[in-house]
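Work through the exercises below with the sequence and the model open side by side. Try each task before reading its solution.

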Amino acid sequence: MRQKGQTITATISDVGDGDKCYAKLSDGMSAFIRGALAIGDTVEATIRKTKSSYIEADFAKLLSPSPLRVEPRCEVFGVCGGCKWQHLNYDAQLQQKNKQVLDALARIGGFRDVQLLQPIGATRLYHYRNKVDFSLSNRRYLLPSELDAPQKPMNFALGFHAPERYDKVIDIERCHIAPEEANVALQVVRAFALTRGLSIYDADRHDGFLRNLVARKAFRTNETMVNLVTSWHDRDLMNALLAELQSALGERLTTFVNNVSTKKNTVAFGEEEFVVFGKGFITERLGGYSFNISANSFFQTNTEQAERLYDVALSFAQLSGRETVYDLYCGTGSISIFVSRHCQKVLGIELVESAVRDAEANAKQNGATNCAFKQLDLMRFETIRPELERFGLPDVVITDPPRAGMHPKAVQTLLALAPKRIVYVSCNPASLARDGKLFCASGKYRLVKAQAVDMFPHTNHIESVALFETT
Ligand SMILES: C[S@@+](CC[C@H](N)C(=O)[O-])C[C@H]1O[C@@H](n2cnc3c(N)ncnc32)[C@H](O)[C@@H]1O
(Lines give C-alpha, C1' and ligand atoms only; values in the text may rest on other atoms or scores of the structure.)
Protein backbone atom coordinates (compact mmCIF):
# COMPACT_ATOMS: atom_id res chain seq x y z
CA MET A 1 0.00 0.00 0.00
CA ARG A 2 1.33 3.40 -0.97
CA GLN A 3 1.02 6.20 1.55
CA LYS A 4 1.22 9.94 1.70
CA GLY A 5 4.84 11.12 2.14
CA GLN A 6 6.39 8.02 0.51
CA THR A 7 8.91 8.37 -2.31
CA ILE A 8 8.24 6.85 -5.72
CA THR A 9 10.41 6.56 -8.82
CA ALA A 10 8.71 7.24 -12.15
CA THR A 11 9.44 7.93 -15.82
CA ILE A 12 7.29 10.71 -17.25
CA SER A 13 5.28 9.66 -20.30
CA ASP A 14 3.03 12.71 -20.79
CA VAL A 15 2.79 16.32 -19.66
CA GLY A 16 -0.49 18.17 -19.21
CA ASP A 17 -1.17 21.79 -20.01
CA GLY A 18 -0.08 22.99 -16.57
CA ASP A 19 2.71 21.46 -14.53
CA LYS A 20 0.89 18.16 -14.01
CA CYS A 21 2.82 15.29 -15.58
CA TYR A 22 1.82 11.69 -16.04
CA ALA A 23 3.65 8.41 -15.41
CA LYS A 24 2.64 4.76 -15.23
CA LEU A 25 4.32 3.09 -12.28
CA SER A 26 5.86 -0.40 -12.49
CA ASP A 27 2.72 -1.99 -10.97
CA GLY A 28 0.43 -0.27 -13.49
CA MET A 29 -0.79 2.47 -11.11
CA SER A 30 -1.18 5.95 -12.68
CA ALA A 31 0.72 8.83 -11.10
CA PHE A 32 0.15 12.56 -11.63
CA ILE A 33 3.33 14.36 -10.69
CA ARG A 34 3.52 18.12 -10.18
CA GLY A 35 6.67 19.80 -11.48
CA ALA A 36 8.38 21.34 -14.51
CA LEU A 37 9.19 17.99 -16.10
CA ALA A 38 9.74 16.57 -19.58
CA ILE A 39 8.57 13.39 -21.27
CA GLY A 40 11.39 10.88 -20.70
CA ASP A 41 12.57 12.30 -17.35
CA THR A 42 13.04 9.69 -14.63
CA VAL A 43 12.31 11.31 -11.28
CA GLU A 44 11.79 10.75 -7.61
CA ALA A 45 8.53 12.19 -6.32
CA THR A 46 6.81 12.42 -2.94
CA ILE A 47 3.24 11.15 -2.69
CA ARG A 48 0.73 13.89 -1.79
CA LYS A 49 -2.54 11.99 -2.18
CA THR A 50 -3.55 8.38 -2.80
CA LYS A 51 -6.73 7.22 -4.55
CA SER A 52 -7.85 3.74 -5.52
CA SER A 53 -6.81 4.10 -9.18
CA TYR A 54 -4.13 6.79 -9.11
CA ILE A 55 -1.79 8.79 -6.91
CA GLU A 56 -0.77 12.44 -6.88
CA ALA A 57 2.82 13.36 -6.09
CA ASP A 58 5.26 16.28 -6.05
CA PHE A 59 8.54 16.24 -7.93
CA ALA A 60 11.52 15.78 -5.57
CA LYS A 61 14.65 14.84 -7.55
CA LEU A 62 15.71 14.39 -11.17
CA LEU A 63 17.36 10.97 -11.53
CA SER A 64 17.88 10.91 -15.27
CA PRO A 65 17.04 13.83 -17.58
CA SER A 66 15.03 13.51 -20.79
CA PRO A 67 16.83 14.18 -24.10
CA LEU A 68 14.10 16.81 -24.76
CA ARG A 69 15.52 19.04 -21.99
CA VAL A 70 17.43 22.27 -22.55
CA GLU A 71 18.87 24.71 -20.00
CA PRO A 72 16.21 27.38 -19.22
CA ARG A 73 17.44 30.95 -19.75
CA CYS A 74 15.33 32.57 -17.11
CA GLU A 75 16.62 33.25 -13.59
CA VAL A 76 13.14 32.68 -12.11
CA PHE A 77 12.19 29.63 -14.19
CA GLY A 78 10.05 27.25 -12.16
CA VAL A 79 8.91 30.05 -9.83
CA CYS A 80 7.29 32.46 -12.29
CA GLY A 81 4.19 30.91 -13.84
CA GLY A 82 4.84 32.37 -17.31
CA CYS A 83 7.29 30.22 -19.28
CA LYS A 84 6.46 26.79 -17.94
CA TRP A 85 8.16 24.99 -20.83
CA GLN A 86 11.49 26.81 -21.10
CA HIS A 87 13.20 23.56 -20.11
CA LEU A 88 11.98 21.80 -23.29
CA ASN A 89 13.56 22.16 -26.72
CA TYR A 90 11.32 24.15 -29.05
CA ASP A 91 10.36 21.24 -31.27
CA ALA A 92 9.16 19.29 -28.22
CA GLN A 93 7.17 22.32 -27.04
CA LEU A 94 5.45 22.60 -30.42
CA GLN A 95 4.60 18.89 -30.59
CA GLN A 96 3.26 19.04 -27.05
CA LYS A 97 1.09 22.05 -27.85
CA ASN A 98 -0.26 20.39 -30.99
CA LYS A 99 -1.16 17.35 -28.93
CA GLN A 100 -3.01 19.63 -26.48
CA VAL A 101 -5.26 20.81 -29.33
CA LEU A 102 -5.87 17.28 -30.58
CA ASP A 103 -6.56 15.97 -27.05
CA ALA A 104 -9.00 18.79 -26.22
CA LEU A 105 -10.90 18.29 -29.48
CA ALA A 106 -11.20 14.56 -28.78
CA ARG A 107 -11.80 14.62 -25.01
CA ILE A 108 -14.02 17.71 -24.66
CA GLY A 109 -15.43 18.05 -28.16
CA GLY A 110 -15.80 14.34 -28.96
CA PHE A 111 -14.13 14.98 -32.33
CA ARG A 112 -12.33 11.90 -33.71
CA ASP A 113 -10.16 11.72 -36.83
CA VAL A 114 -9.71 15.49 -36.89
CA GLN A 115 -7.77 16.86 -39.83
CA LEU A 116 -5.17 18.75 -37.78
CA LEU A 117 -2.75 20.50 -40.13
CA GLN A 118 0.96 20.86 -39.25
CA PRO A 119 1.40 23.37 -36.38
CA ILE A 120 2.93 26.71 -37.33
CA GLY A 121 5.90 27.34 -35.04
CA ALA A 122 7.44 30.70 -34.21
CA THR A 123 10.76 31.88 -35.64
CA ARG A 124 11.48 34.44 -32.89
CA LEU A 125 11.72 32.43 -29.67
CA TYR A 126 12.74 35.16 -27.20
CA HIS A 127 11.74 38.83 -26.77
CA TYR A 128 8.72 38.22 -29.00
CA ARG A 129 5.94 39.75 -26.88
CA ASN A 130 4.71 43.16 -27.98
CA LYS A 131 3.02 43.77 -24.64
CA VAL A 132 4.18 43.04 -21.10
CA ASP A 133 2.25 43.73 -17.97
CA PHE A 134 4.39 44.01 -14.81
CA SER A 135 2.88 44.38 -11.34
CA LEU A 136 4.09 46.23 -8.27
CA SER A 137 3.61 44.94 -4.76
CA ASN A 138 4.71 45.80 -1.24
CA ARG A 139 4.96 42.06 -0.56
CA ARG A 140 7.84 40.41 -2.37
CA TYR A 141 7.60 36.70 -3.13
CA LEU A 142 10.65 34.93 -1.73
CA LEU A 143 12.56 32.73 -4.15
CA PRO A 144 13.30 29.17 -2.87
CA SER A 145 17.04 30.01 -3.07
CA GLU A 146 16.72 32.82 -0.51
CA LEU A 147 14.25 31.34 1.97
CA ASP A 148 16.86 31.41 4.73
CA ALA A 149 18.48 34.71 3.85
CA PRO A 150 16.41 37.22 1.87
CA GLN A 151 18.72 39.16 -0.43
CA LYS A 152 16.54 42.20 -1.16
CA PRO A 153 14.02 44.33 0.75
CA MET A 154 10.79 42.42 1.36
CA ASN A 155 8.47 45.40 0.90
CA PHE A 156 9.13 46.14 -2.76
CA ALA A 157 8.66 44.01 -5.86
CA LEU A 158 8.24 44.82 -9.53
CA GLY A 159 7.66 41.86 -11.82
CA PHE A 160 5.05 39.13 -12.11
CA HIS A 161 2.56 37.75 -9.63
CA ALA A 162 3.61 34.43 -8.19
CA PRO A 163 1.24 31.69 -9.41
CA GLU A 164 -2.11 31.92 -7.63
CA ARG A 165 -0.93 34.84 -5.45
CA TYR A 166 -2.81 38.08 -6.11
CA ASP A 167 -0.83 39.79 -3.33
CA LYS A 168 2.77 38.65 -3.85
CA VAL A 169 5.01 39.59 -6.74
CA ILE A 170 8.31 38.06 -7.87
CA ASP A 171 10.83 40.87 -8.23
CA ILE A 172 12.57 40.35 -11.57
CA GLU A 173 15.50 42.00 -13.33
CA ARG A 174 14.29 41.18 -16.84
CA CYS A 175 11.81 39.02 -18.73
CA HIS A 176 13.28 36.99 -21.59
CA ILE A 177 10.14 37.02 -23.71
CA ALA A 178 9.56 40.78 -23.24
CA PRO A 179 10.98 43.30 -25.72
CA GLU A 180 14.16 45.04 -24.57
CA GLU A 181 12.28 48.35 -24.18
CA ALA A 182 9.97 46.78 -21.58
CA ASN A 183 12.97 45.58 -19.57
CA VAL A 184 14.52 49.05 -19.72
CA ALA A 185 11.25 50.61 -18.52
CA LEU A 186 11.19 48.03 -15.68
CA GLN A 187 14.61 49.19 -14.45
CA VAL A 188 13.74 52.87 -14.78
CA VAL A 189 10.48 52.56 -12.85
CA ARG A 190 12.12 50.44 -10.14
CA ALA A 191 14.89 53.01 -9.58
CA PHE A 192 12.40 55.90 -9.70
CA ALA A 193 10.05 54.29 -7.18
CA LEU A 194 12.81 53.28 -4.76
CA THR A 195 14.78 56.54 -4.80
CA ARG A 196 11.63 58.58 -4.24
CA GLY A 197 10.14 56.14 -1.75
CA LEU A 198 6.82 56.01 -3.63
CA SER A 199 4.06 54.00 -1.99
CA ILE A 200 2.86 50.75 -3.55
CA TYR A 201 -0.80 49.86 -3.92
CA ASP A 202 -1.97 47.27 -1.38
CA ALA A 203 -5.11 45.46 -2.55
CA ASP A 204 -6.07 44.36 0.97
CA ARG A 205 -5.82 47.80 2.52
CA HIS A 206 -6.86 49.51 -0.75
CA ASP A 207 -4.23 52.21 -0.43
CA GLY A 208 -0.91 53.15 -2.03
CA PHE A 209 0.08 54.77 -5.33
CA LEU A 210 1.93 52.47 -7.80
CA ARG A 211 -0.02 49.57 -9.29
CA ASN A 212 1.21 48.25 -12.66
CA LEU A 213 3.68 48.99 -15.42
CA VAL A 214 2.65 48.03 -18.94
CA ALA A 215 4.97 48.35 -21.92
CA ARG A 216 3.90 47.87 -25.53
CA LYS A 217 6.16 47.79 -28.55
CA ALA A 218 5.23 48.02 -32.22
CA PHE A 219 7.95 45.85 -33.78
CA ARG A 220 7.40 47.04 -37.33
CA THR A 221 7.56 50.77 -36.54
CA ASN A 222 9.80 50.68 -33.46
CA GLU A 223 7.31 52.70 -31.41
CA THR A 224 7.09 52.06 -27.67
CA MET A 225 4.34 52.92 -25.23
CA VAL A 226 4.83 52.94 -21.47
CA ASN A 227 1.69 52.94 -19.34
CA LEU A 228 2.02 53.39 -15.60
CA VAL A 229 -1.12 52.42 -13.69
CA THR A 230 -1.51 54.33 -10.42
CA SER A 231 -4.24 55.10 -7.89
CA TRP A 232 -4.26 58.83 -8.68
CA HIS A 233 -2.65 61.20 -11.14
CA ASP A 234 0.32 63.36 -10.13
CA ARG A 235 1.38 65.39 -13.16
CA ASP A 236 4.72 66.62 -11.74
CA LEU A 237 5.72 63.12 -10.77
CA MET A 238 4.72 61.73 -14.17
CA ASN A 239 6.76 64.44 -15.92
CA ALA A 240 9.77 63.57 -13.77
CA LEU A 241 9.37 59.88 -14.66
CA LEU A 242 8.97 60.80 -18.32
CA ALA A 243 12.39 62.51 -18.24
CA GLU A 244 13.97 59.31 -16.83
CA LEU A 245 12.23 57.09 -19.39
CA GLN A 246 13.27 59.37 -22.23
CA SER A 247 16.85 59.40 -21.06
CA ALA A 248 16.93 55.56 -21.02
CA LEU A 249 14.85 54.82 -24.13
CA GLY A 250 15.54 57.88 -26.28
CA GLU A 251 13.38 58.17 -29.39
CA ARG A 252 12.11 54.62 -28.98
CA LEU A 253 9.67 55.95 -26.37
CA THR A 254 6.93 57.48 -28.50
CA THR A 255 4.16 57.75 -25.93
CA PHE A 256 3.79 57.64 -22.15
CA VAL A 257 0.37 57.38 -20.53
CA ASN A 258 -0.83 57.21 -16.95
CA ASN A 259 -3.90 55.07 -16.33
CA VAL A 260 -5.63 55.84 -13.07
CA SER A 261 -7.60 53.14 -11.28
CA THR A 262 -9.55 53.60 -8.06
CA LYS A 263 -10.80 50.00 -8.08
CA LYS A 264 -9.99 47.49 -5.36
CA ASN A 265 -8.14 45.10 -7.63
CA THR A 266 -4.70 44.51 -9.17
CA VAL A 267 -5.79 44.68 -12.83
CA ALA A 268 -3.72 46.94 -15.12
CA PHE A 269 -6.70 48.91 -16.37
CA GLY A 270 -7.60 52.49 -15.48
CA GLU A 271 -10.98 54.21 -15.53
CA GLU A 272 -9.21 57.40 -16.54
CA GLU A 273 -6.20 57.92 -18.76
CA PHE A 274 -3.76 60.86 -18.82
CA VAL A 275 -1.52 61.16 -21.86
CA VAL A 276 1.76 62.46 -20.43
CA PHE A 277 3.66 62.37 -23.71
CA GLY A 278 3.01 61.54 -27.38
CA LYS A 279 -0.17 60.46 -29.16
CA GLY A 280 -1.51 58.08 -26.49
CA PHE A 281 -1.22 55.12 -28.85
CA ILE A 282 1.36 53.26 -30.93
CA THR A 283 1.02 52.18 -34.54
CA GLU A 284 1.83 48.64 -35.66
CA ARG A 285 1.83 47.14 -39.17
CA LEU A 286 0.35 43.76 -39.98
CA GLY A 287 -0.15 42.24 -43.43
CA GLY A 288 0.32 45.59 -45.17
CA TYR A 289 -2.18 47.38 -42.88
CA SER A 290 -1.43 49.70 -40.00
CA PHE A 291 -3.14 49.59 -36.60
CA ASN A 292 -3.35 52.13 -33.82
CA ILE A 293 -3.19 50.48 -30.42
CA SER A 294 -4.08 52.36 -27.26
CA ALA A 295 -3.22 51.28 -23.72
CA ASN A 296 -6.41 49.33 -22.97
CA SER A 297 -7.12 47.81 -26.36
CA PHE A 298 -6.51 44.17 -27.15
CA PHE A 299 -3.91 43.45 -29.80
CA GLN A 300 -2.41 40.01 -30.49
CA THR A 301 0.75 39.83 -28.37
CA ASN A 302 3.04 38.29 -30.99
CA THR A 303 3.06 40.48 -34.09
CA GLU A 304 4.87 38.08 -36.44
CA GLN A 305 2.73 35.10 -35.46
CA ALA A 306 -0.48 37.18 -35.55
CA GLU A 307 0.14 37.65 -39.25
CA ARG A 308 0.43 33.87 -39.68
CA LEU A 309 -2.67 33.29 -37.56
CA TYR A 310 -4.71 35.74 -39.64
CA ASP A 311 -3.43 34.10 -42.86
CA VAL A 312 -4.78 30.77 -41.61
CA ALA A 313 -8.13 32.35 -40.64
CA LEU A 314 -8.35 34.02 -44.06
CA SER A 315 -7.57 30.81 -45.92
CA PHE A 316 -10.11 28.83 -43.81
CA ALA A 317 -12.75 31.51 -44.57
CA GLN A 318 -12.42 30.83 -48.35
CA LEU A 319 -13.66 34.27 -49.33
CA SER A 320 -14.55 34.97 -52.96
CA GLY A 321 -15.14 38.73 -52.64
CA ARG A 322 -18.95 38.52 -52.41
CA GLU A 323 -19.43 37.50 -48.76
CA THR A 324 -20.80 39.35 -45.77
CA VAL A 325 -18.44 38.53 -42.91
CA TYR A 326 -18.93 39.00 -39.15
CA ASP A 327 -15.84 39.35 -36.97
CA LEU A 328 -16.98 38.56 -33.42
CA TYR A 329 -14.84 39.75 -30.46
CA CYS A 330 -13.03 41.94 -32.98
CA GLY A 331 -10.81 43.95 -30.58
CA THR A 332 -9.18 46.76 -32.56
CA GLY A 333 -10.59 45.36 -35.80
CA SER A 334 -7.42 43.70 -37.01
CA ILE A 335 -9.11 40.56 -38.40
CA SER A 336 -11.94 42.64 -39.94
CA ILE A 337 -9.46 44.84 -41.77
CA PHE A 338 -7.20 41.90 -42.68
CA VAL A 339 -10.07 40.11 -44.49
CA SER A 340 -11.84 43.24 -45.80
CA ARG A 341 -10.18 43.16 -49.23
CA HIS A 342 -11.40 39.62 -49.81
CA CYS A 343 -15.13 40.05 -49.14
CA GLN A 344 -18.00 42.44 -49.72
CA LYS A 345 -18.35 43.82 -46.19
CA VAL A 346 -17.44 43.10 -42.58
CA LEU A 347 -19.21 43.78 -39.30
CA GLY A 348 -16.92 43.70 -36.26
CA ILE A 349 -18.47 43.35 -32.78
CA GLU A 350 -16.58 44.12 -29.58
CA LEU A 351 -17.27 44.92 -25.93
CA VAL A 352 -14.56 47.48 -25.09
CA GLU A 353 -15.44 50.98 -26.21
CA SER A 354 -11.87 52.19 -26.74
CA ALA A 355 -11.14 49.11 -28.88
CA VAL A 356 -14.18 49.90 -31.06
CA ARG A 357 -12.95 53.49 -31.45
CA ASP A 358 -9.51 52.13 -32.42
CA ALA A 359 -11.16 49.69 -34.85
CA GLU A 360 -13.05 52.53 -36.55
CA ALA A 361 -9.91 54.67 -36.79
CA ASN A 362 -7.92 51.68 -38.04
CA ALA A 363 -10.46 50.90 -40.77
CA LYS A 364 -10.44 54.54 -41.85
CA GLN A 365 -6.67 54.84 -41.95
CA ASN A 366 -6.42 51.64 -44.01
CA GLY A 367 -9.15 52.69 -46.45
CA ALA A 368 -11.25 49.67 -45.38
CA THR A 369 -14.53 51.45 -46.13
CA ASN A 370 -16.49 48.16 -46.16
CA CYS A 371 -15.94 47.60 -42.41
CA ALA A 372 -18.45 48.64 -39.73
CA PHE A 373 -18.08 48.15 -35.98
CA LYS A 374 -20.55 47.80 -33.17
CA GLN A 375 -19.94 48.00 -29.45
CA LEU A 376 -21.88 45.18 -27.80
CA ASP A 377 -21.55 42.57 -25.09
CA LEU A 378 -21.92 39.40 -27.16
CA MET A 379 -23.87 37.89 -24.29
CA ARG A 380 -26.60 40.20 -25.61
CA PHE A 381 -26.02 39.23 -29.24
CA GLU A 382 -29.66 38.18 -29.76
CA THR A 383 -30.91 41.69 -28.91
CA ILE A 384 -29.58 43.23 -32.13
CA ARG A 385 -31.01 40.76 -34.62
CA PRO A 386 -33.01 43.50 -36.50
CA GLU A 387 -29.83 45.56 -36.82
CA LEU A 388 -27.98 42.52 -38.14
CA GLU A 389 -30.71 41.91 -40.70
CA ARG A 390 -30.39 45.50 -41.89
CA PHE A 391 -26.62 45.08 -42.24
CA GLY A 392 -27.04 41.71 -43.96
CA LEU A 393 -26.83 38.24 -42.42
CA PRO A 394 -23.36 36.65 -42.54
CA ASP A 395 -22.08 34.13 -45.06
CA VAL A 396 -18.99 33.63 -42.93
CA VAL A 397 -18.42 34.29 -39.22
CA ILE A 398 -14.96 34.59 -37.75
CA THR A 399 -15.06 34.39 -33.98
CA ASP A 400 -12.09 35.03 -31.67
CA PRO A 401 -13.37 34.99 -28.08
CA PRO A 402 -11.28 35.39 -24.91
CA ARG A 403 -9.93 32.31 -23.08
CA ALA A 404 -13.30 31.42 -21.55
CA GLY A 405 -14.79 30.98 -25.04
CA MET A 406 -18.22 32.09 -26.24
CA HIS A 407 -21.21 32.59 -23.98
CA PRO A 408 -23.78 29.83 -24.74
CA LYS A 409 -26.31 32.55 -25.65
CA ALA A 410 -23.86 33.97 -28.20
CA VAL A 411 -23.42 30.47 -29.65
CA GLN A 412 -27.19 30.09 -30.00
CA THR A 413 -27.51 33.44 -31.78
CA LEU A 414 -24.62 32.57 -34.04
CA LEU A 415 -26.27 29.26 -34.98
CA ALA A 416 -29.57 31.05 -35.68
CA LEU A 417 -27.73 33.33 -38.13
CA ALA A 418 -26.76 30.16 -40.05
CA PRO A 419 -23.53 31.25 -41.78
CA LYS A 420 -22.05 28.83 -44.35
CA ARG A 421 -18.76 28.76 -42.48
CA ILE A 422 -17.59 29.51 -38.95
CA VAL A 423 -13.89 30.13 -38.47
CA TYR A 424 -13.10 29.84 -34.76
CA VAL A 425 -9.84 31.43 -33.60
CA SER A 426 -8.98 30.39 -30.06
CA CYS A 427 -6.32 30.86 -27.42
CA ASN A 428 -7.78 28.00 -25.40
CA PRO A 429 -8.25 24.56 -27.04
CA ALA A 430 -10.70 23.52 -24.29
CA SER A 431 -13.06 26.41 -25.09
CA LEU A 432 -12.74 25.75 -28.82
CA ALA A 433 -13.63 22.09 -28.27
CA ARG A 434 -16.59 22.92 -25.99
CA ASP A 435 -18.07 25.55 -28.35
CA GLY A 436 -17.30 23.44 -31.45
CA LYS A 437 -19.25 20.61 -29.88
CA LEU A 438 -22.25 22.95 -29.52
CA PHE A 439 -21.98 23.98 -33.19
CA CYS A 440 -21.96 20.35 -34.30
CA ALA A 441 -24.58 19.13 -31.79
CA SER A 442 -27.04 21.31 -33.71
CA GLY A 443 -26.53 18.89 -36.60
CA LYS A 444 -25.98 21.86 -38.89
CA TYR A 445 -22.18 21.99 -38.80
CA ARG A 446 -19.19 19.70 -39.05
CA LEU A 447 -15.58 20.29 -38.09
CA VAL A 448 -13.58 20.33 -41.32
CA LYS A 449 -10.04 21.04 -40.12
CA ALA A 450 -7.96 22.78 -37.49
CA GLN A 451 -4.44 24.16 -37.19
CA ALA A 452 -2.33 25.29 -34.25
CA VAL A 453 -0.27 28.48 -34.42
CA ASP A 454 2.27 29.07 -31.67
CA MET A 455 2.04 32.65 -30.48
CA PHE A 456 3.70 32.06 -27.11
CA PRO A 457 6.97 30.05 -27.20
CA HIS A 458 8.07 28.64 -23.80
CA THR A 459 4.61 28.99 -22.29
CA ASN A 460 2.09 26.16 -22.27
CA HIS A 461 -0.36 28.27 -24.31
CA ILE A 462 -1.33 27.60 -27.90
CA GLU A 463 -3.54 29.42 -30.37
CA SER A 464 -5.56 27.44 -32.89
CA VAL A 465 -7.95 27.99 -35.76
CA ALA A 466 -10.78 25.63 -36.68
CA LEU A 467 -13.14 25.58 -39.64
CA PHE A 468 -16.78 24.52 -39.19
CA GLU A 469 -18.94 24.19 -42.30
CA THR A 470 -22.63 23.57 -42.84
CA THR A 471 -23.40 19.91 -43.36
C1 LIG B 1 -8.92 37.22 -28.05
S2 LIG B 1 -9.38 38.89 -28.19
C3 LIG B 1 -9.58 38.98 -29.94
C4 LIG B 1 -9.32 40.31 -30.58
C5 LIG B 1 -9.17 40.37 -32.08
N6 LIG B 1 -9.92 39.37 -32.78
C7 LIG B 1 -7.72 40.34 -32.50
O8 LIG B 1 -7.29 39.40 -33.16
O9 LIG B 1 -7.01 41.29 -32.16
C10 LIG B 1 -10.97 38.87 -27.52
C11 LIG B 1 -11.71 40.18 -27.58
O12 LIG B 1 -13.02 39.92 -27.09
C13 LIG B 1 -13.47 41.07 -26.39
N14 LIG B 1 -14.57 40.61 -25.52
C15 LIG B 1 -14.49 39.95 -24.34
N16 LIG B 1 -15.71 39.65 -23.87
C17 LIG B 1 -16.60 40.14 -24.77
C18 LIG B 1 -18.01 40.13 -24.85
N19 LIG B 1 -18.75 39.57 -23.87
N20 LIG B 1 -18.60 40.70 -25.90
C21 LIG B 1 -17.85 41.26 -26.89
N22 LIG B 1 -16.49 41.29 -26.89
C23 LIG B 1 -15.88 40.74 -25.83
C24 LIG B 1 -12.23 41.55 -25.66
O25 LIG B 1 -12.36 42.91 -25.29
C26 LIG B 1 -11.15 41.30 -26.73
O27 LIG B 1 -10.97 42.45 -27.53
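The exercises that follow deal with a predicted model, and each is solved in steps.

**Exercise 1. Domains**

Task: State which residue ranges the domain assignment gives for the protein chain, and how far apart the C-alpha centres of domain 1 and domain 3 lie.

Solution. Begin with the ranges: the assignment gives domain 1 as 7-64 and domain 3 as 131-286. Domain 2 is made of two segments, 96-125 and 302-470. Then take the C-alpha centres of domain 1 and domain 3, which are 38 Å apart.

**Exercise 2. Strands S1, S4 and S5**

Task: Find which strand S4 meets through a hairpin, and decide whether Ser53 is buried or exposed.

Solution. Step one is the pairing with S1. Strand S1 covers residues 7-15 and strand S4 residues 42-50; the two run antiparallel and share five bridges. Thr11 has Thr42 of S4 as its bridge partner.

Step two is the pairing with S5, residues 54-64. S4 pairs with this strand over eight bridges, again in the antiparallel sense. Here Lys49 is bridged to Glu56 of S5. The connection from S4 to S5 is a hairpin of three residues.

Step three is Ser53, found in the loop between S4 and S5. Ser53 has 7 other C-beta atoms within 10 Å, and because a residue with 12 or fewer counts as exposed, Ser53 is exposed.

Step four places Ser53 relative to Ile349. The two are separated by 296 residues in sequence, and their C-alpha atoms by 47 Å in space.

**Exercise 3. The seven-stranded sheet**

Task: Give the strand order of the open sheet, name its edge strands, and list what helix H2 touches.

Solution. First, the order is S9-S8-S7-S10-S11-S12-S13, with mixed pairing. Next, the edges are strand S9 (169-171) and strand S13 (272-277), each of which pairs on one side only. On average, neighbouring strands of the sheet are turned by 30° against each other, direction ignored.

At the S9 edge, strand S8 (residues 157-161) pairs with S9 through three bridges in the antiparallel sense. Gly159 has Asp171 of S9 as its bridge partner.

Now add the helices. Helix H2 (residues 180-196) packs on the sheet and touches S7, S8, S10 and S11; its direction makes about 155° with that of S10. Helix H3 (residues 235-249) lies across S11, S12 and S13, and runs at about 150° to S12.

**Exercise 4. Two residues with positive phi**

Task: For His206, decide whether the residue is buried or exposed; do the same for Tyr329.

Solution. Take His206, whose phi is near 55°, a positive value in a residue other than glycine. His206 sits in the loop between H2 and S10. With 12 other C-beta atoms within 10 Å, His206 is exposed, because the class includes counts of 12 or fewer.

Tyr329 also has a positive phi, near 60°. Its loop lies between strand S16 (324-328) and helix H5 (334-340). Tyr329 has 20 C-beta neighbours inside 10 Å and therefore counts as buried.

**Exercise 5. The ligand shell**

Task: Name the residues that come nearest to the ligand, and divide the shell by class.

Solution. There are 20 residues around the ligand, and those that come nearest are Phe298, Tyr329, Gly331, Leu351 and Leu378. By class, the shell holds 13 nonpolar, four polar and three charged residues.

Definitions and conventions
Residues are numbered from 1 along each chain as its sequence is written. This is a predicted model: local features need pLDDT of at least 70, side-chain atom pairs count only at pLDDT 80 or more; totals for chains, interfaces and linings use all residues. A residue is near a molecule or strand if its C-beta atom, placed from the backbone, lies within 6 Å of it. Ala, Val, Leu, Ile, Met, Phe, Trp, Tyr, Cys and Pro count as nonpolar, Asp, Glu, Lys and Arg as charged, and the others, Gly among them, as polar. Domain bounds come from an automatic or database domain assignment. Two strands pair if DSSP finds at least two bridges between them. Helices (H or I, at least four residues) and strands (E, at least two) are DSSP runs, numbered from the N terminus. Axes are lines fitted to C-alpha atoms, for helices over the stretch in contact, and angles run from 0 to 180 degrees between N-to-C directions. Two residues are in contact if their C-beta atoms, placed from the backbone, lie within 7 Å.
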